[in-house]
Amino acid sequence: MSNATHAPTTTTQVYRVYIKATPEAIWDAITKPEWTERYGYAARVDYDLRPGGAYRAYPGAEMAKHEGVPDVVVDGEVIEADPPRRLVQTWRMLMDADLKAEGFTRLTHEIEPGEGGVTKLTMIHELEDAPKLAALVGGEHESEGAGGGWSWVLSGLKTVLETGDELDR
Amino acid sequence: MTDDDRVFKALADPTRRFLLDRLFERDGRTLTELESELEMTRFGVMKHLRVLEDAGIVVARRSGREKLHFLNPVPIRLIHDRWIDKYAERRVSALADLKSELEQNS
């Protein structure tokens, strides 16, 4: 992607995808490690799904091969867990010192059942004072091998739920 | 119409691509802000935003009394993963096949 400067007044990013799966299946795909290891960055998540509960994401087998990857790649705290509809949490990237220094951001997943077994998943990432993380999750570093950010993650999530296949990584 | 058809249709218009570029620069804008960037009636801009929303490329969310429009890159990503990647990969493997064939025959 180009180096167009992102100078937003609102620092929120919104992602939405329609998935032919039940809200429960989508909830599991977001919160259970056996699912999260199969798409996107293939991290192994660990959620304590209650207000104040801890959230950790550990590097998957592929990511752990790289040098300098920390034992925990993302941490945060659950703010609200209403399975299978709504999950609000804080989210801090620990991959490097600059990203860690930007601190905790706020991530919300909204899951709404629709017609014909198609469920709407909306992800809202509030990225105030986190420009480096905003660029990363916006997929701006994909050509450098940093993955395609949330749109790539959600594309993989949809594929794995609808076809059982994993997108090439 | 399939989801992909809606995305291709939404992208097949210069005004709508212009709106997407404006949102890429700065996300979460109101209709009034977007309207000010175009020589077009408010109604015209609304119509284009509606097509983008139907295709899922723009998501509108309420924030207090305002309705903010966000660029949602996922539908374009899905087309990329479904179509672009596939054909790009094929060219690469065709080239690799050609190379091994040439090397075998030499």
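Chain B has an average pLDDT of 88, and 90% of its residues score at least 70; pLDDT is the predictor's confidence in each residue, from 0 to 100. Within chain B, the element with the lowest mean pLDDT (76) is helix α5 (residues 74-105), while α4(B) has the highest (97). The model as a whole scores ipTM 0.80 and pTM 0.85.

This is a predicted model, in which local features need pLDDT of at least 70, side-chain atom pairs count only at pLDDT 80 or more, and totals for chains, interfaces and linings use all residues. Residues are numbered from 1 along each chain as its sequence is written, and chains are lettered from A and ligands numbered from 1 in the order in which they are written.

Let's stay with helix α4 of chain B for a moment. Its 13 residues (42-54) should span 18 Å at 1.5 Å a residue, and the end C-alpha atoms are indeed 18 Å apart; the expected span is 1.5 Å times one less than the number of residues. After α4(B) comes B:G56, with a positive phi near 80°.

Now to chain A, which has six helices and seven strands. Helices (H or I, at least four residues) and strands (E, at least two) are DSSP runs, numbered from the N terminus. In sequence order the pattern of chain A is β-α-α-β-β-α-β-β-α-β-β-α-α. Its radius of gyration is 15 Å, close to the 15 Å from the globule rule for 169 residues, so chain A is as compact as a globular protein of that length. The radius is taken over C-alpha atoms, and the rule is 2.2 Å times the number of residues to the power 0.38.

Of the 169 residues in chain A, 34% are buried. Buried means 20 or more other C-beta atoms within 10 Å of the residue's own, exposed means 12 or fewer, and partly exposed lies in between, with C-beta atoms placed from the backbone. The largest nonpolar core holds 49 residues, and A:I26 and A:L154 have the most contacts inside it. Such a core is a set of buried Ala, Val, Leu, Ile, Met, Phe, Trp, Tyr and Cys residues joined through C-beta atoms within 7 Å. Helix α6 of chain A (residues 149-163) gives the most to this core, seven residues. Beyond its neighbours within four places in sequence, A:L154 is in contact with A:Y15, A:V17, A:M123 and B:V74; contact means that the C-beta atoms, placed from the backbone, lie within 7 Å.

Where the chains meet, 16 residues from chain A and 16 residues from chain B take part. On the chain A side, β1(A) provides the largest share, six residues.

A few backbone details in chain A are worth a look. A cis peptide bond joins A:P83 and A:P84, with omega about -5°, and A:P84 sits in the loop between β4 (74-82) and β5 (86-93). Most residues other than glycine have a negative phi, and most peptide bonds are trans. Two residues other than glycine with positive phi are set out here.

| Residue | Phi | Loop in chain A | C-beta neighbours within 10 Å |
|---|---|---|---|
| A:A42 | near 55° | between α2 (33-36) and β2 | 19, partly exposed |
| A:D129 | about 60° | between β7 (118-126) and α5 (131-137) | 10, exposed |

Finally, A:D46 is in strand β2 (residues 44-47) of chain A. With 17 C-beta neighbours inside 10 Å, A:D46 is partly exposed.

Methods. Contact = placed C-beta atoms within 7 Å.
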